[in-house]
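Visitor: I should like to take a close look at a single part of this structure, namely its aromatic ring pairs. Please describe how the rings are arranged and where they lie.

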Amino acid sequence: PHPLFREENQPRPRPPHCGGEPVRPRTAAVPARQVEGQRRPRPRTPRPRRLAARPLWHQVPLWCGSSSPQPPPPALACLSLAMLGGGGGGKDSKKQKKQSAGSGQKDEATIVKHNPWLSRIPCLSPAMTLPNADPSLADITDRIARMWRSDFSWSASFDPVFLAALMREGYLPTAHDVEGPIKYVLLPKLHENRCLLSFPDLVVNRSARRASRRFHISIDQRFDEVVDLCIEQHGESWLHPPIAEGFKLLFRMGGEGKVKMRSVECYEEGQLVAG
C-alpha cells in the first residue's frame with residue numbers, strides 16, 4: 001500500500017512490533033486497602049486504537065487484468081479495458097493507438113514492474129485523447145468519478161497536450177517519484193471536494209492597502225522563473241522536473257484549446273519577490 005492512497009476514516013494497520021495481536025484492554029489497578037466510605041474505582045478500558053487505512057483497492061472490486069484471479073464485475077469491465085488499452089473501435093482508431101501508445105505501453109509495463117502498487121489504480125494514457133478513442137478520456141473520467149473512491153490515477157506521459165486534456169476534464173496534474181529506470185510518474189488528481197474563493201466578499205484592511213503600494217504585479221511575463229522559484233522556495237514536492245518542463249512547454253505553446261497556463265508575478269522595487 002502506498003501512503004498517497006490512504007483514507008483517514010478507515011482503520012489503520014498495526015505497526016510491525018505488535019505482531020498483529022489484538023490489544024488487550026488494560027484495567028486500572030485497585031488498591032488492596034480501601035478507605036472506609038471511599039468509592040471503589042471502576043476498571044477503565046482504553047479506547048481501541050485506530051487501525052491504519054487500508055488501500056482503496058482492497059475495498060473497491062476493480063480489476064486490472066494481470067494479477068486478479070477473478071474476472072471483473074460487469075459494471076467495471078469497461079474501465080478495465082480502458083486501463084489495459086483495450087476497447088472497441090475501427091481500423092483508424094486501432095492504427096492511431098498503435099502509433100501513439102507503442103512506447104507508452106512499454107514505459108507503463110516497466111513502471112508497474114518496479115512499482116506493483118500502480119497496477120491497482122486507474123491508468124490514463126494519451127491514446128484516450130485521440131478523436132476516435134473508445135473509450136475516450138471523458139468516458140473514463142466519468143466512470144472513475146462514479147466508481148473509484150480515490151482521487152488519484154496515474155500515467156507515464158508528461159506530454160503537454162495530454163496535460164491540457166487532463167486539465168480540461170477537471171484533473172490537477174501532479175508528479176511523484178517511483179522506483180526503477182523511469183524515475184517519475186504523472187499522478188492526475190480528480191478532487192472530490194473543491195472550494196471557491198469569492199473576491200466580492202474579500203475584505204482588505206487599511207494596513208494591507210497601505211503596504212500594497214510598494215508592490216506591483218504583471219501577468220505572464222516570467223513564467224519559467226516563477227516555477228523555478230516555487231521549487232526553490234518549497235522544494236520539488238509534486239513539481240518534479242518532468243511536470244515542470246511540461247507546464248513550461250504548454251505555456252510556450254500558448255495553451256491547448258481552452259486550457260492555458262498563466263503566471264502572476266509580484267515585484268517590490270523592481271525585484272521579483274512572489275508569484
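Guide: What follows is an account of the aromatic pairs, with a short addition on the sheet. The model is a predicted one. When the whole structure is searched, two aromatic pairs are found.

One of them consists of Phe-223 and Phe-251, whose ring centres lie 4.4 Å apart. Their planes meet at 5°, under the 30 degrees required, so this pair is classed as stacked. The pair links distant parts of the chain, 28 residues apart: Phe-223 belongs to helix α6 (residues 223–234) and Phe-251 to helix α7 (residues 241–252). As for exposure, Phe-223 has a relative accessibility of 5% and therefore counts as buried, whereas Phe-251, at 22%, counts as partly exposed.

The other pair is formed by Trp-238 and Phe-247, with ring centres 6.5 Å apart. Here the planes stand at 80°, over the 60 degrees that mark the class, so the pair is edge-to-face. Trp-238 is partly exposed, with 33% relative accessibility, while Phe-247 is buried at 8%.

Turning to the sheet, three strands form an open arrangement in the order β3-β4-β5, with antiparallel pairing. Its edge strands are β3 (215–219) and β5 (271–274), each of which pairs on one side only. From one strand to the next, the twist averages 45°. Strand β3 is joined by five bridges to β4 (residues 264–268), and the two run antiparallel. Within this pairing, Ile-217 is placed opposite Cys-266 of β4.

Notes:
Residues are numbered from 1 along each chain as its sequence is written. This is a predicted model: local features need pLDDT of at least 70, side-chain atom pairs count only at pLDDT 80 or more; totals for chains, interfaces and linings use all residues. Side-chain values use heavy atoms; hydrogens and water are left out. Two strands pair if DSSP finds at least two bridges between them. Helices (H or I, at least four residues) and strands (E, at least two) are DSSP runs, numbered from the N terminus. Axes are lines fitted to C-alpha atoms, for helices over the stretch in contact, and angles run from 0 to 180 degrees between N-to-C directions. Rings of Phe, Tyr and Trp (its six-membered ring) pair if their centres lie within 6.5 Å; planes under 30 degrees apart count as stacked, over 60 as edge-to-face and the rest as tilted. Buried means under 20% relative accessible area, exposed over 50%, partly exposed in between (1.4 Å probe, protein chains only).
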